Amino acid sequence: MLSFPEERFLIAGRVGHLATADAHGNPHVVPVCFALAGGTLYVTIDEKPKQTSARPLKRLRNIAENPATAFVVDRYDEDWTRLGWVMLRGRAEILTAGKEHGEAQALLRARYPQLGAMDLARLPVIALRIERVTSWGDLDR
């Protein structure tokens, strides 16, 4: 589904923005680290402090209510001929255990050494099943 330039652009990006919405369509966007495998984009919840209550993170609550999700990696430059972005849309699932959960955590650890010291096995992974890809700009720079 991803073209070679789109995939290369995504892989070169170190941070993307995950957009979720609750059951009423209220949007929520957060910057995230990610990994790609086949037709799925993975985002882990890590150990960095994100909340003070025992409630799940807003992005997880939103996905439970409304799995329609979008993700974008972009490149800004003062030279506007270098602008570009790739957006992925699809349905997200929350993985809490199992083979795919473990494989996703391994992919994310390989991409982000900062995750190496964290105990991720007990933490959820968001699996965005890519259904649609949109891109714009010069993805080859």
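## Helix 2, its cover and the Phe34–Phe71 pair

In this predicted model, the cover over the buried residues of helix 2 includes strand 1 (16-21), strand 2, strand 5, strand 6 and strand 7. The residues in question, in a helix that spans residues 58-65, are Arg59, Leu60, Asn62 and Ile63. Viewed down the axis of helix 2, these buried residues fall within an arc of 160°, so they line one face of the helix.

Strand 1, one of the elements in that cover, contains Ala19. The C-alpha atoms of Ala19 and Asn62 are 9.6 Å apart in space, while the two residues are 43 residues apart in sequence. Ala19 has a relative accessible area of 25% and is partly exposed, a class that begins where the buried class, under 20%, ends. Leaving aside residues up to four places away in sequence, Ala19 touches His28, Val29, Thr69 and Ala70.

Ala70 leads on to the pairing of strands, for its bridge partner in strand 6 is Arg89. Strand 6 pairs with strand 5 and with strand 7, as the table sets out.

| Strands | Residues | Sense | Bridges | A facing pair |
|---|---|---|---|---|
| Strand 5 and strand 6 | 68-75 and 84-95 | antiparallel | eight bridges | Ala70 and Arg89 |
| Strand 6 and strand 7 | 84-95 and 125-137 | antiparallel | twelve bridges | Glu93 and Ala127 |

Within strand 6, therefore, Arg89 is the bridge partner of Ala70, whereas Glu93 stands opposite Ala127 of strand 7. As background to reading such strands, side chains in a regular strand alternate between the two faces of the sheet.

Strand 5 also takes part in an aromatic contact. A search of the whole structure finds one aromatic pair, formed by Phe34 and Phe71 in an edge-to-face arrangement, with 5.0 Å from centre to centre and 65° between the planes. The angle earns that description because planes over 60 degrees apart count as edge-to-face. Phe34 lies in the loop between strand 2 (27-32) and strand 3 (35-37), and Phe71 lies in strand 5, so the pair ties together parts that are 37 residues apart in sequence.

Both Phe34 and Phe71 are buried. Phe34 has a further neighbour in Arg111, which lies over the face of the Phe34 ring at 4.5 Å from the ring centre. Phe34 is thus described by its edge-to-face pairing with Phe71 and by the position of Arg111 over its face.

How values were computed:
Residues are numbered from 1 along each chain as its sequence is written. This is a predicted model: local features need pLDDT of at least 70, side-chain atom pairs count only at pLDDT 80 or more; totals for chains, interfaces and linings use all residues. Side-chain values use heavy atoms; hydrogens and water are left out. Rings of Phe, Tyr and Trp (its six-membered ring) pair if their centres lie within 6.5 Å; planes under 30 degrees apart count as stacked, over 60 as edge-to-face and the rest as tilted. Helices (H or I, at least four residues) and strands (E, at least two) are DSSP runs, numbered from the N terminus. Buried means under 20% relative accessible area, exposed over 50%, partly exposed in between (1.4 Å probe, protein chains only). A charge sits over a ring if NZ of Lys or CZ of Arg is within 6 Å of the ring centre and within 35 degrees of the ring normal. Two strands pair if DSSP finds at least two bridges between them. The arc is that of the directions from the helix axis to the C-beta atoms. Contact means heavy atoms within 4.5 Å.
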